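Colleague: Could you pick one residue in this model and take me through its surroundings, then work outwards from there? I'd like one connected account rather than a list.

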Amino acid sequence: MKALKIIMLILFFPLFTFAQEKAKPREGEGITLFLKRFKRTETHHYNQFIKLNKNQLGKNNTLIIGREYLLPPLKKEGYEPLFGKQYAKYPIESNELDGASFYLVSGHGGPDPGAIGKHEGKELHEDEYAYDIVLRLARCLLMKGATVHIIIQDAQDGIRNSRFLANSKRETCMGNRIPLNQVERLRQRCNQINKIYRNDNASYRRALFVHLDSRSKRQQTDVFFYHSETSRKGKHLASTLRETFDKKYDKHQPSRGFSGTLSARELYVLQHTQPASVFVELGNIQNKRDQQRFMIEDNRQALANWICEGFIRDYKYYSKKK
């Protein structure tokens, strides 16, 4: 599995920027007791330990006596190279989402830019803006103690603050080249999610697909959400996200209102991913008003923050039901 709780892919990057402790297990210690001895008792400590020492563990992640293991840091700070130099370090502010695992997919990528709009004579590519918002969302979730798997990745872009995001074809599906063929492209990302999902023991697991729509230039749209007809949890998440956006619009734009829709749609990615999933369209890339929703840095961050808040609400709902 190529996604870490604190560090995501890019195997040649150092796992942490600060010095790490090492220790040897005692007779009869499993990972949980071993970590408890060093005051690493949270789920993210366990997940980090597995990732840090994956080549040093025995069968079924057993500890080997006499072997030295890296301890995950106690410091409440994470490091994710995909976020870029300015944002790579992030504080872990809470454990609100401890035990939650997210699979985030920005639409299109690689040879396929997705929908293309124009603003002031410059092209706006769907994949670039969707990716930036996904990175911002991933950072928000990590700061709340979640495990995050960024499925579509660009090793160079990072989180960007400009209005016009440069286009590229560097994106990969967690290191693998993205095919041009649409069905192969969708199958690849679904298979990647399912592969991780099968080995993911998180109590709460959700996937999100982020896109921008392309309609008539005159047609302004709000954010709208799709879920699979057969997924009760997917429908609940989509409904929770929509309710969150509705409340945010009531607060920040009370005179405007929110008309984003919620509906079932049997899209390929919703049908072929195992975790409960939601497909979100953030606006019409052709419409000048909608363009401000994702061209302006603060608006991209707001979208990420609101989705994160919706995830937290959904997670707490299912946590109470246990």
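Modeller: Let's start at Ile 50, which is buried in this predicted model: its relative accessible area is 14%, and the cut-off for buried is under 20%. Ile 50 belongs to helix 2. Setting aside neighbours up to four places away in sequence, its contacts are Ile 31, Leu 57 and Asn 61.

The rest of helix 2 fits that picture. The helix covers residues 43–52, and 8 of its 10 residues are buried, so it is largely enclosed by the rest of the structure. Besides Ile 50, the buried set includes His 44, His 45, Asn 47 and Gln 48, and it goes on with Phe 49, Lys 51 and Leu 52. What do these buried residues pack against? Their partners are helix 1 (31–37), strand 2 (69–70) and strand 8.

Strand 8 is our way into the main sheet I want to show you. That sheet is open, has 6 strands and mixed pairing, and reads 8-5-12-15-13-14 in order. Strand 8 and strand 14 (262–264) sit at its edges with a single partner strand each, so one side of each has no neighbour in the sheet. From one strand to the next, the twist averages 25°. Helix 8 packs on this sheet, where it touches strand 5, strand 12 and strand 15 (276–284). The direction of helix 8 makes about 150° with that of strand 12.

Step in from strand 8 and you reach strand 5. Strand 8 (residues 147–150) pairs with strand 5 in the parallel sense, over 4 bridges. You can pick out the register from two places: Ser 101 stands opposite Thr 147, and Tyr 103 faces His 149. On to strand 12 (residues 204–213), which also runs parallel to strand 5 and is joined to it by 7 bridges. There, Leu 104 has Leu 208 as its bridge partner.

Is strand 5 enclosed or open to the outside? All 7 of its 7 residues (100–106) are buried, so strand 5 is largely enclosed by the rest of the structure. Both faces take part in this: Ala 100, Phe 102, Leu 104 and Ser 106 point one way, while Ser 101, Tyr 103 and Val 105 point the other, and all are buried.

Helix 8 is worth following a bit further, as it leads to the second largest pocket. Helix 8 (297–320) gives the most to the lining there, with 4 residues, and helix 7 (288–295) also supplies at least two. The pocket holds about 330 Å³ of space. Its lining includes Arg 289, Gln 292 and Arg 293, along with Asn 299, Ala 302, Leu 303 and Trp 306. Gln 220, Tyr 249, Gln 253 and Arg 256 line it as well. By class, that comes to 4 nonpolar, 4 polar and 3 charged residues.

Now back to strand 5, and along the chain from there. Gly 109 lies in the loop between strand 5 and strand 6, and with a relative accessible area of 1% it is buried. Leaving out residues up to four places away in sequence, Gly 109 touches Asp 127, Glu 171 and Ile 178. Gly 109 and Ser 168 are 59 residues apart along the chain, yet their C-alpha atoms are separated by 8.5 Å. As for Ile 178, its C-alpha is 28 Å from that of Ile 50, where we began, and the two are 128 residues apart in sequence.

Past that loop comes a hairpin. Strand 6 (residues 116–119) and strand 7 (residues 122–125) run antiparallel and are joined by 4 bridges, with Gly 117 standing opposite Leu 124. There are 2 residues between the strands, and in this hairpin Glu 120 takes a positive phi near 55°.

One last piece is a second open sheet, with 3 strands in the order 9-10-11 and antiparallel pairing. Strand 9 (152–153) and strand 11 (176–177) are its edge strands, each pairing on one side only. Strand 10 (residues 172–173) is joined to strand 11 by 2 bridges, and Cys 173 stands opposite Asn 176.

Terms used. Residues numbered from 1 in each chain as written. Predicted model: local features only at pLDDT ≥ 70, side-chain atom pairs only at ≥ 80, totals over all residues. Heavy atoms only, no water. Buried < 20%, exposed > 50% of the residue type's maximum accessible area, 1.4 Å probe, protein only. Pairing = 2+ DSSP bridges. 1 Å grid on protein atoms, 1.4 Å probe; cavity = no way out; pocket = protein on both sides within 12 Å on 5 of 7 lines; lining within 4 Å. Points joined across faces, edges and corners; volume = space filled by probe spheres on them. Nonpolar A, V, L, I, M, F, W, Y, C, P; charged D, E, K, R; others polar. Axes fitted to C-alpha atoms, helices over the stretch in contact; angles between N-to-C directions. Contact = heavy atoms within 4.5 Å.
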